[in-house]
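Please consider the model shown here. The account below proceeds from overall form to interior and surface.

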Amino acid sequence: MDSILRAVAVYLFLLLILHFAGRRTLGQMTSFDFVLLLIIGETVQQGLLGEDSSITHSFLLIVTLIGLDVGLSLWKRESPLMGKLLEGVPLIVVEDGQPLKDRIYKARIDERDILAAARKLRGLQRMEQIKYAVLESNGSISIIPKQKNDEL
């Protein structure tokens, strides 16, 4: 029973930490972020397993963690509020070519990130060419370019 409680505590702790780390962190993983993730994984492993490193104990922990994840995904599907709490909602960061600086600051991105997404996804070069830029729940930035008739 102690193992299950530890697994639940670790799952909830990681869920909370990753939620506060922000969407952009997950969307822009650098090589250092990957190494940090490996270190976190090793640290969590020691906390989960404790003294018992048997295969049965490992299976119990895996079933607990997967069960929690499936349970939360089912809860999110039934409750839009839970989905918003766990994953957030898309955030418009550019509207009609104007960067919404307070939202950009709050999301911990900058205009270079938006322009990089605009170049990569749409071949756009200037902020004025963007109708909307949206920071999605998964940390990616979607770009909707202005159309010729939008500029009239």
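The following paragraphs describe the fold, the cores and a surface patch.

This is a predicted model, in which local features need pLDDT of at least 70, side-chain atom pairs count only at pLDDT 80 or more, and totals for chains, interfaces and linings use all residues. Residues are numbered from 1 along each chain as its sequence is written, and side-chain values use heavy atoms, without hydrogens and water.

The chain contains 7 helices and 4 strands, taken as DSSP runs (helices H or I, at least four residues; strands E, at least two) and numbered from the N terminus. Their order along the sequence is α-α-α-α-α-β-β-α-α-β-β. The radius of gyration, taken over C-alpha atoms, is 20 Å, whereas a compact globule of 152 residues would have one near 15 Å (2.2 Å times the number of residues to the power 0.38).

Buried residues (under 20% relative accessible area, 1.4 Å probe, protein chains only) make up 24% of the 152 residues. The largest nonpolar core, a set of buried Ala, Val, Leu, Ile, Met, Phe, Trp, Tyr and Cys residues joined through side-chain atoms within 4.5 Å, has 15 residues; Val93, Ile114 and Ile130 are among those with the most contacts inside it. Strand 1 (91-95), helix 7 (111-122), strand 3 (130-135) and strand 4 (141-145) each give two or more residues to this core. A second, separate core of 6 residues includes Ala7, Val10, Val44 and Leu61.

Beyond its neighbours within four places in sequence, Ile130 is in contact (heavy atoms within 4.5 Å) with residues including Val94, Ile114, Leu124 and Ile143.

Ile39 lies in helix 3 (residues 31-49).

How values were computed:
Buried means under 20% relative accessible area, exposed over 50%, partly exposed in between (1.4 Å probe, protein chains only).
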